[in-house]
Each structure stands twice: as C-alpha cells, then as structure tokens.
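Got the viewer open? Let's take a walk through this one, a selection at a time.

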Amino acid sequence: MQMIRFGFIALVMLALAAVPAVATAIDEPFYISLFTRMLVLAIAASSLNLVLGYGGMVSFGHAAYLGLGSYVVGVGFYHAANDGMDWALNGWLHLALTIIIPGLAALLIGAISLRTRGVYFIMITLAFSQMLYYFFIGLERYGGDDGLSLWYLSDFGSVMDLNDDSQLYYLAYGLLVLVLFILYRLVNSRFGMVVRGAKSNERRLMAVGFPTYRYRLVAFGISGAICGVAGFLMANQSEFVSTSEMHWVHSGDLIVMVVLGGMGTLFGPVLGAVGFLMLEQYLPELMEGICHIIGGNSCGIAGEYWKMVFGPLLILIVLFARGGIDGLLQGKVGRNV
Amino acid sequence: MSEALTIEGLVKQFGGLTATDHLSLSVTEGEVHAVIGPNGAGKTTLIGQLTGEITPNAGTIRFAGRDVTGLPVHQRSMLGLARSFQITNVLADFTARANVALAVQAHQGHSFRFWRKAATDPRLIGPAEEFLATVGLADRADIAASSLSHGEQRQLEIAMALATQPAMLLLDEPMAGMGPEDSARMVEILKRLKGELTILLVEHDMDAVFALADRITVLVYGRAIATGSPEQIRNDPDVRAAYLGEETGDA
Ligand SMILES: Nc1ncnc2c1ncn2[C@@H]1O[C@H](COP(=O)(O)OP(=O)(O)O)[C@@H](O)[C@H]1O
Ligand SMILES: [Mg+2]
C-alpha cells in the first residue's frame with residue numbers, strides 16, 4: 001500500500017510540474033491559473049496542517065493570515081502606484097513581509113487563543129480573523145469593501161516576471177516544494193515531536209517537563225508565516241486583493257482541504273487542495289451532464305445547485321474515509337465516527 | 001539524612017470537601033515512603049499538588065531545599081520531581097521508544113531544534129532504550145503504546161518517569177489493575193530503583209507496600225493518622241481500626 005501511496009503522490013507532483021507546458025500546448029491558459037490556485041491553497045492548507053493535523057489546534061481563522069499576506073502585496077502596490085514609491089513593489093520585500101507580518105499576527109493571536117482549548121479555541125481564532133476582516137473593510141484607502149485591483153505585480157527585476165503565468169506557476173510550485181520540505185524537517189525534529197506529543201497527550205508532556213504552551217505558540221507562528229506566503233502568491237495570481245479572502249468561510253475551506261486530504265500527513269493537504277478545487281470546478285458541469293443523461297429538462301439549474309451536493313459529499317468523504325484521501329491511499333478505509 | 005520533600009500544613013478543598021486536611025509529611029532522601037489509605041482519602045490529590053497540577057489552598061511544599069509551592073508542573077519536573085499516573089497516561093499513538101525518547105528530550109535543554117530528525121538521534125534513542133530495558137520493555141520498543149498490554153503500559157509509565165532523571169519519583173498506584181504476575185514484576189523493578197531514588201509510593205497492594213516501604217504514612221479523609229515503619233503501622237491500633245484491619249483481615 002505504501003508503494004501505491006508514494007506512487008500516487010509522485011504522480012500528482014509530476015503532473016503538477018507539467019501543467020504550464022500542457023496548458024500551453026493545448027492552448028488552454030485557463031488551466032494555469034486554476035492550477036496556480038491549487039498550489040497556493042495547497043501551501044495554505046499545509047500551513048494549517050502544521051497546527052491542525054500535527055498539533056491538534058483547530059484554528060478557524062487561517063484565512064486571516066492568507067489575507068494579511070495578500071494585503072502586503074496590495075498595500076505595496078497602492079503606494080507604488082499612487083505615491084510613486086517604486087521600492088514598495090519590490091518582490092523580495094513583499095516575500096519577506098508576507099512571512100513576517102502574518103507570522104507576528106499569528107504569534108499575537110496564538111498567544112491569547114492558545115490559553116484556551118476545544119470549542120473556545122475555535123471560536124477565539126474565528127473571532128480574531130473576523131476582527132481583521134472588518135478592520136480591512138474599514139480601510140477605505142486600500143479599497144475597503146471593494147478590494148484593490150493590482151496593475152503591477154510584485155517586482156523581481158530580471159530574476160522573474162510574475163506577469164508571465166508560467167513563471168508565477170513555477171514560483172508557486174517551487175515554494176510549495178520548499179514548504180513541504182521545511183514542514184517535513186520540522187515535524188520530525190525535536191520541536192515537531194513536542195508539538196505532536198502535545199496533541200497526543202499534553203498533560204503527560206507537561207509532567208515530563210515541557211512548557212508546552214511555548215512550543216504550540218511557535219508552531220502557530222510558523223504556520224501563520226507560511227500561510228502568509230500563500231497570500232502573497234494569491235494576490236499575484238488573482239491580480240486582486242480583497243477582504244473576501246479573509247472571510248471565515250475560507251478558513252472553513254482550508255480546514256476541509258486538510259481533513260479531505262488527510263490530517264497530519266505531509267502530502268494530505270496538497271491532495272486535499274487539488275481535490276477540493278477539482279470538485280468546485282467540475283462538479284457543476286458533472287451534475288449538468290448527469291442531468292442530461294438521465295433526460296431531465298432545464299439542466300442548467302442542476303449545475304447551479306452543485307453546492308448542495310458538494311457539502312454532503314465532503315462530509316461523507318470526511319466521515320467514511322479515515323485519514324482522508326491520503327488515508328484511502330494507505331488502505332485505511334473505515335469510519336471516522 | 002536530609003529531607004528530600006517536606007510538606008507543611010497542606011490544605012486542598014473541593015467545594016465543601018476537604019481532600020487534603022492540614023497535612024504535614026516529610027520524605028527522607030533515598031527512602032521509599034508509602035502513602036496508603038482507603039479510596040477517596042486524598043492520595044491522588046496529594047500527588048497532584050506535589051507535581052503542581054493541583055494548586056493547594058494553603059500550606060507549603062519544599063523539594064530539594066526549595067519552596068516549590070508556586071512552581072508550574074514543567075519546572076518541578078526540571079527540578080527532579082517525576083510522577084507516574086494512577087490511570088495510565090502515555091502518548092497512545094507514539095511507540096514505546098518515542099514515548100520515552102520525549103521524556104529524555106525534555107531534560108536535554110530546550111527543544112527549539114527544528115531541523116535534525118529526532119527519531120534517529122542517538123542522544124535520545126540511546127538513553128530511551130536503556131530506560132526501556134530497565135523496566136523490561138527492551139523488545140517492545142517499536143510497539144505503539146496503545147497496543148501494549150495494561151501491565152506493559154504501567155511499566156512504560158515508570159520508564160518515562162525515570163527518563164526525566166528525577167531525584168524523586170511519585171508513583172500513583174503503579175500496580176493498579178494488574179494481575180499478580182505483573183504486580184510481582186513491578187515490585188522487582190521498584191526494588192531495583194530503591195536506594196537510587198527517593199520514592200513516594202501510593203499503593204493499595206499491601207504486599208507490595210510491605211515489601212518496598214521504609215516508612216508508611218496512613219491517610220484518612222486527607223489527614224495523616226499515622227506515620228512509621230511498616231512494623232509500627234502494622235501494629236498501630238488506630239490504623240487497624242480505621243483501615244488495615246478491614247483491608248487485609250490481618251489478625
Ligand atoms: N477535581 C476534583 N473535584 C472535586 N472533587 C475531587 C476532585 N478530585 C478529587 N476529588 C475528591 O477528593 C477526594 C480525594 O480524592 P483522591 O485524591 O482521588 O483520593 P484517592 O486517590 O486517595 O482515592 C475524593 O472524595 C474525590 O471525590
Ligand atoms: Mg487515587
């Protein structure tokens with residue numbers, strides 16, 4: 001079973017690497033942007049997986065770090081475009097700040113949230129992310145409710161040009177691989193053992209001498225920083241920054257991706273993000289198609305009701321496929337409840 | 001001989017119930033000091049206060065010459081106070097080796113080490129396997145803790161406590177739920193530790209207590225009604241009336 005699992009994951013990673021070439025060959029550039037979104041959300045879901053899957057901390061506010069990361073790009077663009085501050089478009093600066101600012105925000109939010117447990121933790125992380133959401137809605141200067149269209153993207157000089165969809169795609173791909181490698185080292189290090197141990201039995205860990213709060217907090221900060229990088233990519237991909245990305249619904253989507261793909265496994269969130277976006281993209285067409293096959297009329301409407309199938313479908317997968325897609329690949333079929 | 005642990009005027013109330021009632025007690029360095037008493041006497045509550053999980057309402061706890069009453073759990077562990085739990089409390093989804101390795105790791109400085117793989121680190125694995133061997137689990141190192149037998153999990157508890165290289169062990173009913181064979185093995189393990197460590201042993205199994213203890217304190221309703229050598233306790237009329245007589249039927 002491990003062979004099937006590794007084979008499948010390798011296949012997914014290889015297929016992802018080939019997307020721009022294939023999309024260009026068949027003249028369907030749309031695929032590049034769809035798959036860039038997958039990579040971006042795979043990074044965000046992987047960052048959430050560090051705290052949720054490995055650390056047992058159910059953060060319901062990770063969209064906030066995604067949003068903060070994208071606003072770094074948005075704010076930089078705004079000042080470059082309106083105040084002639086050209087340096088504010090510097091891509092390296094954006095990248096650095098999309099690590100630092102969401103990372104610090106996560107440390108602050110975590111410092112308070114991690115004093116609570118269970119449902120309280122879920123609610124307080126949700127509350128903080130909604131606070132940030134409304135804060136940015138109130139920031140009229142940077143577009144407020146309407147968001148901000150980016151005419152210029154993060155500028156990496158002659159190193160790369162993010163206006164080129166393929167280059168942006170490979171940047172996202174490279175960053176995903178880097179993030180996965182860092183997470184792999186992290187969760188297997190001494191630090192990772194403490195974070196995973198605290199998920200398994202925090203009381204025991206304290207009894208052997210670990211101040212678990214500190215380790216959980218640092219994991220939370222690292223998670224926020226990585227999620228910020230996803231936000232940086234998202235802004236450059238959509239050429240648009242808006243508060244809607246920070247909305248709690250997206251925090252929920254990230255949780256679904258992690259659970260769908262397999263919590264606490266390295267590649268689970270990647271599979272989850274790919275699966276989630278595939279379903280979101282093709283379920284409407286699929287339903288419309290099925291409607292035609294069974295000879296229904298006004299099938300256009302069937303396509304519009306895809307969310308009524310999407311939700312229950314996700315719930316079924318989560319309930320009946322222990323360990324998500326990654327669990328299925330390992331042959332762990334069985335109920336979660 | 002100096003005192004390893006000194007408890008003075010300890011009080012713990014849960015609502016109207018006094019679980020620890022002006023308890024004073026001292027444990028001499030190197031001795032096995034057993035605490036016995038009927039269910040609900042406050043033995044687990046006492047251990048909880050010693051480790052820092054439970055905050056007493058009054059009184060002081062001195063350990064290794066220092067007042068630890070206000071210290072958090074992890075700092076007391078760092079000072080050399082280790083416990084095992086009455087209800088088995090291990091990391092169920094970790095292997096036996098990983099359980100002990102984490103306890104070893106806790107006492108090798110901070111764990112903000114993000115890069116090197118812990119599972120193959122000889123500084124963790126070496127000692128972890130030694131402690132597993134000490135409790136007779138050497139050949140069970142790769143088994144998930146949840147798949148170990150009850151007796152083995154109890155042994156793992158001890159290995160984890162030992163791995164923190166404590167000066168003193170607080171054992172809360174290490175034989176709880178064990179059959180006679182496992183109990184005998186545990187007594188052997190504890191006998192080997194006797195002399196190397198100071199041990200506070202809470203136990204219901206009177207054979208084990210009399211086999212191991214240098215001194216015994218009898219707790220009833222949170223109060224120490226007697227402290228003395230096993231001989232003295234066996235013959236103490238108060239103890240017999242309150243506890244021993246009915247428990248052992250010893251004439
Ligand atoms: N957290 C708690 N809240 C309320 N009462 C408790 C709590 N823990 C223990 N008690 C009560 O305190 C008394 C002593 O309990 P415990 O220390 O577990 O006794 P022992 O370990 O000697 O059997 C019991 O009456 C028990 O019900
Ligand atoms: Mg008890």
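Start by coloring the two chains separately and looking at where they meet: chain B and chain A bury about 2,800 Å² between them, with 61% of that on carbon and sulfur atoms. Keep in mind as you go that this is a predicted model.

**Stop 1: the chain B side of the interface**

Select the residues of chain B that touch chain A. You should pick up 36 residues of chain B, in contact with 28 residues of chain A. Between the two chains there are 21 residue pairs in polar contact, both partners at pLDDT 80 or more. To see which parts of chain B are involved, highlight α2, β6 (81-84), α3 (96-106), α4 (122-134) and α5 (150-163): each supplies at least two residues of the side that touches chain A. Color that side by residue class and you get 17 nonpolar, ten polar and nine charged residues.

**Stop 2: salt bridges across the chains**

Three salt bridges run between chain B and chain A. For one of them, show the side chains of Glu53(B) and Arg203(A), whose closest N and O atoms are 2.8 Å apart. Next, go to Arg190(A) and Asp121(B), a salt bridge with its closest N and O atoms 2.9 Å apart. Where do the two ends of this pair sit? Arg190(A) is in helix α7 (residues 190-207) of chain A, while Asp121(B) is in the loop between α3 and α4 of chain B. Over all chains, the salt bridge count comes to 16.

**Stop 3: chain A by itself**

Hide chain B for a moment and switch to cartoon. Chain A has 13 helices and two strands. Its C-alpha atoms fill a box of roughly 60 × 60 × 35 Å along the principal axes. How does chain A's radius of gyration fit with a compact globule? For 337 residues such a globule would have a value near 20 Å, and chain A has 20 Å, so the two agree.

**Stop 4: chain B by itself**

Now swap the chains over. In chain B, the cartoon shows nine helices and ten strands. The C-alpha box here is roughly 60 × 40 × 40 Å, again along the principal axes. A compact globule of 251 residues would have a radius of gyration near 18 Å, and chain B has 18 Å, so this chain agrees with the rule.

**Stop 5: the two domains of chain B**

Color residues 1-80 plus 166-251 of chain B as domain 1, and residues 91-165 as domain 2, following the domain assignment. The C-alpha centres of these domains lie 26 Å apart. Select the contacts and you will find 19 residues of domain 1 meeting 13 residues of domain 2. About 1,200 Å² is buried between the domains, and carbon and sulfur atoms give 65% of it. Show Met78(B), Pro166(B) and Ile189(B) as sticks: within domain 1 they lose the most area to domain 2, together 33% of what that side buries.

What about polar links between these domains? Expect zero salt bridges, but five residue pairs in polar contact, both at pLDDT 80 or more. On the domain 1 side, the elements giving two or more residues are α2 (73-79), β7 (168-172) and α6 (180-193) of chain B. Of these, α6(B) gives the most, with six residues. Finish by coloring this domain 1 side by class: twelve nonpolar, two polar and five charged residues.

Notes. Residues are numbered from 1 along each chain as its sequence is written. Chains are lettered from A and ligands numbered from 1 in the order in which they are written. This is a predicted model: local features need pLDDT of at least 70, side-chain atom pairs count only at pLDDT 80 or more; totals for chains, interfaces and linings use all residues. Side-chain values use heavy atoms; hydrogens and water are left out. Domain bounds come from an automatic or database domain assignment. Contact means heavy atoms within 4.5 Å. Buried area is the accessible area (1.4 Å probe) that two parts lose on being put together, summed over both. A salt bridge is a side-chain nitrogen of Lys or Arg within 4 Å of a carboxyl oxygen of Asp or Glu. A polar contact is a pair of N or O atoms within 3.5 Å; within protein, one must be able to donate a hydrogen and the other to accept it, and residues adjacent in sequence count only if both atoms are side-chain atoms. Helices (H or I, at least four residues) and strands (E, at least two) are DSSP runs, numbered from the N terminus. Ala, Val, Leu, Ile, Met, Phe, Trp, Tyr, Cys and Pro count as nonpolar, Asp, Glu, Lys and Arg as charged, and the others, Gly among them, as polar. The radius of gyration is taken over C-alpha atoms; the globule rule is 2.2 Å times the number of residues to the power 0.38.
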